[in-house]
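Subject: Structure handover

Hello,

Here is the structure we talked about. Please open it alongside this note. My findings follow below.

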Amino acid sequence: MKVIILPDAQAVAEYAATQIQQQIARRADSVLGLATGSTPLHTYAQLIERVRRGKLSFRAVRTFNLDEYLGLAADHPQSYRSFMDQHLFSHIDINRENTYVPDGMATDPQQACADYELAIRAAGGIDLQLLGLGRNGHIGFNEPSSSLGSRTRIKTLTSATIADNARFFHADEFQPHLSITMGIGTILEARQITLLATGESKAPAVQAMIEGAISAACPASILQMHPNVTVVIDEAAAQQLK
Ligand code: F6R
């Protein structure tokens, strides 16, 4: 596990965008694993800027998002598909048909999970997986107690995650308690993983992930076992490291 501590969230975003840019330079048709949430927003803004300046092209890139809310249609404003369209895909030269997000309205969600695994495999696996980190140590929506070998599946969100994500929903709006998420086993198959965490609120989870025992109590701690992980954090998120 390589740990990079940078002064602030902007520096973290620039570092992550450069890792993605280098991956695409190595292989134009790279397969990227992508995350939603607040943390990667600056990274996506950086990528958009680099595409605008002609330094980067996503023309042949394929992407797989980590997760989606079960029960939200793709065009629902709070769906992760909408999030990706709004914050990345509609601003870059990616072929929309090459962007995959789990289907939150699948008539057979279990089959949709199995199909998602097959689609990742058919694409040749994920070259670079971008991750955020939940305050409770989750990656994707693999909440504490998730099996460390889990595959894409339906997962109930913990009350902590529901509360953390309530900021994205209006008070009177339906907020799903279920998700479809890549499993921890799925994530670990990515050839390279870049995890981003910024801000003081992530400091305990960062400490547990890097210095704690490998345990389902902190799903991100399993990343200690992966041969090619870069954890990119700002000083605020690093403050509980010993
Ligand atoms: C999002 C995801 C989640 C987030 C995590 C951190 O696709 O998989 O694991 O990365 O909840 O969210 P933020 O960045 O909003 O703190």
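Which residue in β8 does threonine 156 stand opposite? Threonine 156 faces leucine 178 across the pairing. Keep in mind throughout that this is a predicted model.

**The sheet**

That pair belongs to an open sheet of three strands. The strand order is β4-β8-β7, and the pairing is antiparallel. The edges are taken by β4 (67–69) and β7 (153–156). Each edge strand has a single partner, so one side of each is left without a neighbour in the sheet. From one strand to the next, the twist averages 30°.

Now the two pairings in turn. β7 and β8 run antiparallel and are joined by four bridges. Threonine 156 opposite leucine 178 is the pair to look at here. On the other side, three bridges join β4 to β8, which spans residues 178–181. These strands also run antiparallel. Two residue pairs help you find the register of β4 against β8. Aspartate 67 stands opposite threonine 181. Tyrosine 69 has serine 179 as its bridge partner.

One general point for when you inspect the strands: in a regular strand, side chains alternate between the two faces of the sheet.

**The helix pair**

Next, look at α1 (residues 9–26) and α2 (residues 41–52). Two packed helices are described by the angle between their axes and the distance between those axes. For α1 and α2 the angle is about 55°, and the axes are 8 Å apart. The two helices are therefore oblique to each other. The crossing of α1 past α2 is right-handed.

**The ligand**

How many residues lie around the ligand? There are 14 of them. Those that come nearest are Thr36, Gly37, Ser38, Thr39 and Gly132. By class, the shell holds eight polar residues, five nonpolar and one charged.

**The annotated domain**

The UniProt record is an unreviewed entry. Its annotation reads "domain: Glucosamine/galactosamine-6-phosphate isomerase" and covers residues 9–226. Over that range the chain is 33% helix and 14% strand. The C-alpha atoms at the two ends of the range are 24 Å apart.

If you want a starting point, go to the β8 pairings: leucine 178 opposite threonine 156, and threonine 181 opposite aspartate 67.

Best wishes

How values were computed:
Residues are numbered from 1 along each chain as its sequence is written. This is a predicted model: local features need pLDDT of at least 70, side-chain atom pairs count only at pLDDT 80 or more; totals for chains, interfaces and linings use all residues. A residue is near a molecule or strand if its C-beta atom, placed from the backbone, lies within 6 Å of it. Ala, Val, Leu, Ile, Met, Phe, Trp, Tyr, Cys and Pro count as nonpolar, Asp, Glu, Lys and Arg as charged, and the others, Gly among them, as polar. UniProt positions are given in the numbering used here, feature names are shortened, and annotations may be inferred rather than shown by experiment. Two strands pair if DSSP finds at least two bridges between them. Axes are lines fitted to C-alpha atoms, for helices over the stretch in contact, and angles run from 0 to 180 degrees between N-to-C directions. Angles under 35 degrees count as roughly parallel, over 145 as roughly antiparallel, 65 to 115 as roughly perpendicular and the rest as oblique. A crossing is left-handed if the near helix is turned anticlockwise from the far one by less than a right angle, and right-handed if clockwise.
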